[in-house]
Amino acid sequence: MKTKTVAIVLAAGKGSRMHMEIQKQYAMLLGRPVITHTLDAFEESPVDEVILVVGEGEIPFAREEIVDRYGYQKVTHIVTGGKERYESVYRGLCAKEEGTSGAAADDSSRADSPEITYVLIHDGARAFITPELIGQCIRDVQRYDACVMAVPVKDTIKIVDEEQYSVSTPDRSVMWQMQTPQCFRLAEIREAYRQMLACGDRTMTDDAMVMEKYGNRRVKMTMGSYENIKLTTPGDFILGEAILKHMRRETEA
């Protein structure tokens, strides 16, 4: 059976913890906007196409200053995201269903469909993803139907009460730190999100939780990289520059 892989790259966040005048995805990192480092990896990866989700009113800028300027051939859709991450994800998922040029709805959930579409949902501020890691995600989602890039936690984790006193210490050996991409069959995760929104559930913090609760499918962990960090605070840019320089040295070696 034929398969197709679509990446949804989320770049609609405001990044309030950055305290920047512009959104962090457009901030400069080693001379280029953050989002371009992310898109570079997907452009060089085995994914078939990319859906870029941006903030309200940002589509013309993203098309002209990001997609066209840097020559991304795999970005087939640029859509407006929502106020919350889950809204942006769902709009990205629906972009494949509706299409921007009148394309027919995706029917990969039908039993007689000749093609299965897989989707990789990735935070645009994780600018240190690599084509190799993306390729591993694709292989794993094709094998397990649902997988999430993650790494084992290094630090001891404490559960605390409302007054910040420690109440328990979970076993670190069974704890993983979630990253992205988070990868699923497109039809399944879209339906899971539809059910979540219909129920008014706003407690889900990542796509795996949505699949586990509303898609009733177990999610496999895919070993990620400790360098696959998300740019969240100003200090992350210092670390991010060091990571990018290291990645470039590795590529040139």
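**Close-up views of a predicted model**

**P181 has its place in strand β10.** This strand covers residues 176-185. The view is taken from a predicted model, and the values in these legends are computed from it. The peptide bond that joins T180 and P181 is cis. Its omega is about 15°.

**The whole chain, for orientation.** Seven helices and eleven strands make up the secondary structure of the protein. The C-alpha trace spans about 55 × 45 × 40 Å along its principal axes. A compact globule of 253 residues would have a radius of gyration near 18 Å, and the 18 Å of the protein agrees with this. Of the 253 residues, 49% count as buried. Among contacts with a separation of 6 or more, 73% come from residues 24 or more positions apart. The accessible surface comes to about 13200 Å²; carbon and sulfur atoms hold 48% of this surface. The side chains include 32 positive and 39 negative ones. The centres of these two sets lie 2 Å apart.

**Cysteines C137, C147 and C183: how many disulfides does the protein have?** The count is zero. C137 is in no disulfide, and its nearest cysteine sulfur, that of C183, is 4.0 Å away. C147 is in no disulfide either; here too the nearest cysteine sulfur is that of C183, at 4.0 Å. A disulfide requires the two sulfur atoms to lie within 2.5 Å, so a distance of 4.0 Å does not qualify. C137 is buried, with a relative accessible area of 0%. C147 also counts as buried, at 0% relative accessibility.

**Helix α1, residues 34-43: enclosed or open?** Nine of the ten residues of the helix are buried, so α1 is largely enclosed by the rest of the structure. The buried set contains V34, I35, L39, A41 and F42, among others. T36, H37, T38 and D40 also belong to the buried residues of α1. An α-helix has 3.6 residues a turn, so residues three or four places apart point the same way.

**L30 and E241, a pair far apart in sequence.** L30 lies in the loop between β2 (28-29) and β3 (32-33). The phi of L30 is near 50°, a positive value in a residue other than glycine. With a relative accessible area of 24%, L30 is partly exposed. E241 belongs to helix α7, which covers residues 234-252. E241 is also partly exposed, with a relative accessible area of 31%. Along the chain, E241 and L30 are 211 residues apart, yet their C-alpha atoms are separated by 6.5 Å. Which residues does E241 contact, leaving aside its neighbours within four places in sequence? They are L29 and L30.

**Q164 in the loop between β8 and β9.** The flanking strands are β8 (159-160) and β9 (166-168). Q164 is not a glycine, but its phi is positive, at about 65°. The relative accessibility of Q164 is 61%, and the residue counts as exposed.

**V210 in helix α6.** The helix covers residues 207-215. V210 is buried, with a relative accessible area of 1%. Outside its neighbours within four places in sequence, V210 is in contact with I189, A192, Y193, M196, M204 and G215. M196 is 14 residues from V210 along the chain, and the C-alpha atoms of the two residues are separated by 7.1 Å.

**V153 in the loop between β7 and β8.** Strand β7 covers residues 146-152. V153 has a relative accessibility of 17% and counts as buried, because the limit for that class is under 20%. Not counting residues up to four places away in sequence, V153 touches R172, M175, W176 and Q177. V153 and M178 are 25 residues apart in sequence. The C-alpha atoms of V153 and M178 are 9.4 Å apart in space.

Conventions: Residues numbered from 1 in each chain as written. Predicted model: local features only at pLDDT ≥ 70, side-chain atom pairs only at ≥ 80, totals over all residues. Heavy atoms only, no water. Helix = DSSP H or I, 4+ residues; strand = E, 2+ residues; numbered from the N terminus. Rg over C-alpha atoms; globule rule 2.2 N^0.38 Å. Buried < 20%, exposed > 50% of the residue type's maximum accessible area, 1.4 Å probe, protein only. Contact = heavy atoms within 4.5 Å. Areas by Shrake-Rupley, 256 points an atom, 1.4 Å probe, with all protein chains shown as cover. Lys, Arg positive; Asp, Glu negative; His and termini not counted. Charge placed at Lys NZ, Arg CZ, Asp CG, Glu CD.
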